[in-house]
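Trainee: I would like a close look at a single part of this protein, the sheet together with whatever packs on it. Please take me through it strand by strand, and then place it against the rest of the chain.

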Amino acid sequence: MRGTRTGTRFAALLALAAAVCGCTVRPVDGDGRPRSPVRIELPGGSGPATAPPPARRTPRPAAPAPAVLWAPGATGRDVRELQARLRQIAWLYDGPTGTYDDLTEKAVRGFQRKRGLPVTGRTDTVTWERLRAMTREPGHWELYLMGGQPAAAPDPRCLTGRVLCVSKESRTLRWMIDGRTVSTLSVRFGSRGTPTREGVFEVYWKSRNHWSTLYDSSMPYAMFFSGGQAVHYSADFAARGYAGASHGCVNVRDEAGIKDLYGQVRTGDKVVVYR
């Protein structure tokens, strides 16, 4: 009996020590293994709680490709501006022509590669905005440096007969017969020191393979209308466009065009040069 009382008293002391010290006695399962003293029951009796699976991250959709503004084969005034801006930063040396040709595509590819953009050769919105940020708005004669500009309305004096109708304002020559425009060519004039004369004249001499002894230069398909001034083909105009000037003559850069014109114009046909 004394041993039993002693054991009971010892067990009570152990329980008191556990309560005071914060210890927890882990109960034992029927198989003799300890089990957790805490069990969490979910509402509705669904059993112990378990951690939810990690949420799946939905991949973001890929950003849409930038819209293409111009590509090989495109034409128009906007293509001229693209070419003029590429010329400003020395990626293009020809033109502007207004046609998105192979040289323009090559220039765009080079620009894109240099700026770390996708190299496509097509001008998309990203490429265009980057190019615009690096250049300035081109002027009218930058857009038409090599010709191709629209012609001005003909002077009233050009509306009758056979006339070479030359506008200094638009830098164009209309070949007109009885008020109808047969063809139009871009032309260049003399500089301030050697201006092209204005007024009404007539073709008094034609010289197919003319050579200027005064300036020691070739003047093919020359049609003289005032002293030594003539309408003629200019290789310099063809190469440099409006970056240069004549010595007073009306220069044409389109060799095929002036060859055809030379074959149609007769001695005595009228020439009108006006602002």
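Mentor: Start with the helix on the sheet. In this predicted model, helix α7 (residues 255-264) lies across β3 (162-167), β4, β5, β7, β8 (217-226), β9 and β10. Its direction is at about 40° to β8.

The sheet under that helix is an open one of nine strands, and its pairing is mixed. Read across, the order is β6-β11-β3-β4-β5-β10-β9-β8-β7. The edges are taken by β6 (199-202) and β7 (205-212). Each of these has a single partner strand, so one side of each is left without a neighbour in the sheet. From one strand to the next, the twist averages 30°. As background, strands of a sheet pair through backbone hydrogen bonds, either parallel or antiparallel. Both senses turn up below.

Take β3 next. Five of the six residues of β3 are buried, which leaves the strand mostly covered. On one pairing, β3 is joined to strand β11 (residues 270-274) by five bridges, and the two run parallel. Val-166 is set opposite Val-273 of β11. On another, β3 pairs with β4 over six bridges in the antiparallel sense. Here Val-163 faces Met-176 in β4. β3 and β4 make a hairpin with four residues between the strands, and Arg-171 in that hairpin has a positive phi near 60°.

From β4 the sheet continues into β5. Strand β4 (residues 172-177) and strand β5 (residues 180-188) are antiparallel and share six bridges. Within this pair, Trp-175 has Ser-183 of β5 as its bridge partner. β4 and β5 also form a hairpin, with two residues between them. In its turn, Asp-178 has a positive phi of about 50°.

Then comes β10. Strand β10 (residues 250-252) runs antiparallel to β5, and two bridges join them. Arg-188 is the residue opposite Asn-251 in β10. β10 is also joined by three bridges to strand β9 (residues 229-233), this time in the parallel sense. In that pairing Tyr-233 sits opposite Val-252 of β10. Beyond β9, the order of the sheet goes on through β8 to β7.

Now the rest of the chain. The protein chain has seven helices and 11 strands. Of its 275 residues, 36% count as buried. Among contacts between residues at least 6 apart in sequence, 52% join residues at least 24 apart.

Three helices, α2, α3 and α4, pack against one another in pairs. Two packed helices are described by the angle between their axes and the distance between the axes. For helix α2 (residues 77-88) and helix α4 (residues 125-134), the axes cross at roughly 50° and come within 10 Å. An angle between 35 and 65 degrees counts as oblique, so α2 and α4 are oblique to each other. The crossing of α2 past α4 is left-handed. On the α2 side the contact uses Glu-81, Leu-82, Arg-85 and Leu-86, and on the α4 side Trp-128, Leu-131 and Arg-132. Sorted by class, this contact of α2 with α4 holds four nonpolar, no polar and three charged residues.

α2 also packs on helix α3 (residues 102-114), at an angle of about 55° with the axes 11 Å apart. This makes α2 oblique to α3 as well. α2 passes α3 in a crossing that is again left-handed. Leu-82, Gln-83 and Leu-86 of α2 meet Thr-104, Ala-107 and Val-108 of α3. The contact of α2 with α3 has four nonpolar, two polar and no charged residues.

The remaining pair is α3 and α4, whose axes cross at roughly 85° and come within 11 Å. α3 is therefore roughly perpendicular to α4. Val-108, Phe-111 and Gln-112 of α3 meet Thr-127, Arg-130, Leu-131 and Met-134 of α4. By class, the contact of α3 with α4 divides into four nonpolar, two polar and one charged residues.

One loop residue is left. Gly-73 belongs to the loop between β1 (68-70) and α2. Its relative accessible area is 57%, and Gly-73 is therefore exposed. Gly-73 and Glu-105 are 32 residues apart along the chain, and their C-alpha atoms are separated by 9.8 Å.

How values were computed: Residues numbered from 1 in each chain as written. Predicted model: local features only at pLDDT ≥ 70, side-chain atom pairs only at ≥ 80, totals over all residues. Heavy atoms only, no water. Axes fitted to C-alpha atoms, helices over the stretch in contact; angles between N-to-C directions. Parallel < 35°, antiparallel > 145°, perpendicular 65-115°, else oblique. Left-handed = near helix turned anticlockwise from the far one by under 90°. Contact = heavy atoms within 4.5 Å. Nonpolar A, V, L, I, M, F, W, Y, C, P; charged D, E, K, R; others polar. Pairing = 2+ DSSP bridges. Buried < 20%, exposed > 50% of the residue type's maximum accessible area, 1.4 Å probe, protein only.
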